[in-house]
Amino acid sequence: MKRSTVLRGLLLGALLQQSGCMQPPAARPPAELPQFPPPPDEPRFFFERTIRSSGDVVPESSAGGLRRMVTGETQAGERLSKPYAVAVYRGRIFVSDTVQRHVTVFDVPKGKVSRIGDTEGEGDLIKPIGLDVDAAGRLYVADTGTRSVMVYDTDGKFLRRIGGEKWFLRLSSVTVDPGGTRVYAVDIGGVSSEQHQVRVFDAVSGEHLHDIGKRGSGPGEFNLPRDLAIGREGRLYVVDGGNFRVCVFDRNGKYLKSFGSIGKQYGQFARPKEIAVDRDGNLYVVDTAFGNFQVFNPEGELLLFVGDRNERDGPARYMLPSGIAVDEDGRVYMVDQWFRKIEVYRPASLKPGAGFLVLQPTAAR
């Protein structure tokens with residue numbers, strides 16, 4: 001008799017023996033997941049899921065499920081090493097990994113995981129950090145190793161690079177307008193550098209158009225800028241990390257105002273990092289020191305905060321949060337480098353199982 005047949009027989013026998021000698025365990029009620037704000041207030045977001053590896057996205061075969069049930073194994077999968085930023089397009093989650101030197105693509109609707117930028121030659125990534133996607137699904141990667149913005153099509157094929165060593169000292173993030181016409185690349189500069197600014201390029205030709213900001217603490221000036229998001233009417237919101245604020249510009253780069261200050265109170269900042277915007281124009285700002293993200297309306301008024309700093313991992317607990325994104329359905333995606341995870345929050349206006357972030361029936365096994 002073949003060894004595999006014997007093994008299957010033993011597994012089946014073990015299951016039958018357990019079912020005959022033991023009473024089935026009492027059904028446990030599902031653990032109550034966090035909602036924000038917490039009761040008794042009306043919820044605006046529900047914690048939905050955590051993604052740590054390919055095993056959280058790729059459907060498991062029935063044989064694998066049976067084996068885990070018998071042996072107690074955890075589902076295998078390639079784990080994130082040091083994720084930094086996240087971008088989302090129609091259920092495809094892009095995550096930059098500075099240790100593995102590529103962008104991991106979690107394609108939830110298809111139940112697949114792939115990589116971008118890990119092939120030798122043109123399009124290879126050295127240290128990918130910031131990410132963004134345009135309305136056509138093209139991916140833009142701020143690669144601090146090459147000091148370039150790398151552009152890929154929807155299949156992960158390398159298209160072109162923008163910038164280079166001539167243009168950046170410490171490239172930290174990239175944002176593209178929805179039409180894929182302009183690229184906004186943030187140069188964080190450094191302690192001994194005056195190059196703290198946003199550089200604007202033509203997204204197709206790579207031509208440098210103009211710059212926004214300079215080093216300083218005055219209106220429209222930056223000290224260690226970190227990220228940029230595009231809001232209503234093309235407004236530009238720049239995280240000015242060293243000045244503990246968000247600076248607001250019009251679509252042409254004219255300074256309008258700023259909000260935020262250093263402090264420990266809600267609505268203030270201690271170590272702001274990345275920013276995202278939803279379809280209503282609300283702003284989501286990650287603060288690494290607070291271990292959360294704060295939600296502001298387009299005018300900079302605080303609406304809500306989500307998460308807390310904690311040395312123990314768990315839903316809505318963070319030690320080193322970095323990246324954030326909001327998808328077409330209003331779901332919020334938060335990256336934590338320390339716990340090596342992405343957490344997803346569903347807006348209360350979206351029903352469970354609705355939207356793009358759903359495994360399609362043809363992908364299930």
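Two strands pair if DSSP finds at least two bridges between them. Strands (E, at least two residues) and helices (H or I, at least four) are DSSP runs, numbered from the N terminus. The model is predicted: local features need pLDDT of at least 70, side-chain atom pairs count only at pLDDT 80 or more, and totals for chains, interfaces and linings use all residues. Residues are numbered from 1 along each chain as its sequence is written, and side-chain values use heavy atoms, with hydrogens and water left out.

**Exercise 1. State the confidence of the model and locate two stretches with pLDDT below 50.**

Step 1. pLDDT is the predictor's confidence in each residue, from 0 to 100. Its mean over the protein is 89, and 86% of the residues reach 70 or more.

Step 2. Residues 1–30 stay under 50. The model gives them 5 contacts (heavy atoms within 4.5 Å) beyond four places in sequence.

Step 3. Residues 65–74 are also below 50 in pLDDT. That stretch has 11 contacts beyond near neighbours in sequence.

**Exercise 2. Place strand β26 among its partners and decide how enclosed β26 is.**

Step 1. β26 covers residues 332–336. With β25 (residues 321–326), β26 pairs in the antiparallel sense over 4 bridges. Val 332 is the bridge partner of Val 326.

Step 2. With β27 (residues 341–347), the pairing of β26 is antiparallel over 5 bridges. Here Met 334 stands opposite Glu 343.

Step 3. Check the turns. The β25–β26 hairpin has 5 residues between the strands, and Gly 330 takes a positive phi near 90 degrees. The β26–β27 hairpin has 4 residues between the strands, and Arg 340 takes a positive phi near 55 degrees.

Step 4. Test burial: buried means under 20% relative accessible area, exposed over 50%, partly exposed in between (1.4 Å probe, protein chains only). Val 332, Met 334 and Asp 336 point one way, Tyr 333 and Val 335 the other, and all are buried. With 5 of its 5 residues buried, β26 is therefore largely enclosed by the rest of the structure.

**Exercise 3. Trace salt bridges that join separate parts of the chain.**

Step 1. Apply the criterion: a side-chain nitrogen of Lys or Arg within 4 Å of a carboxyl oxygen of Asp or Glu. The whole structure yields 14 salt bridges.

Step 2. Glu 48 and Arg 331 meet at 2.7 Å, N to O. Glu 48 sits in strand β2 (residues 45–51) and Arg 331 in the loop between β25 and β26, 283 residues apart. Glu 48 is partly exposed at 23%, whereas Arg 331 is buried at 1%.

Step 3. Arg 52 and Asp 313 also meet at 2.7 Å, N to O. They are 261 residues apart. Lys 341 and Glu 343 join these two in a network of salt bridges.

Step 4. Glu 299 and Lys 257 form another bridge at 2.7 Å, N to O. Glu 299 lies in the loop between β21 and β22 and Lys 257 in β18, so the pair ties together parts 42 residues apart in sequence.

**Exercise 4. Describe the surroundings of Asp 177.**

Step 1. Asp 177 is in the loop between β11 (171–176) and β12 (182–187). Its relative accessible area is 14%, so Asp 177 is buried.

Step 2. Beyond neighbours within four places in sequence, Asp 177 contacts Asp 134, Arg 182 and Ile 230.

Step 3. Ala 135 is 42 residues from Asp 177 in sequence and 8.3 Å away, C-alpha to C-alpha.
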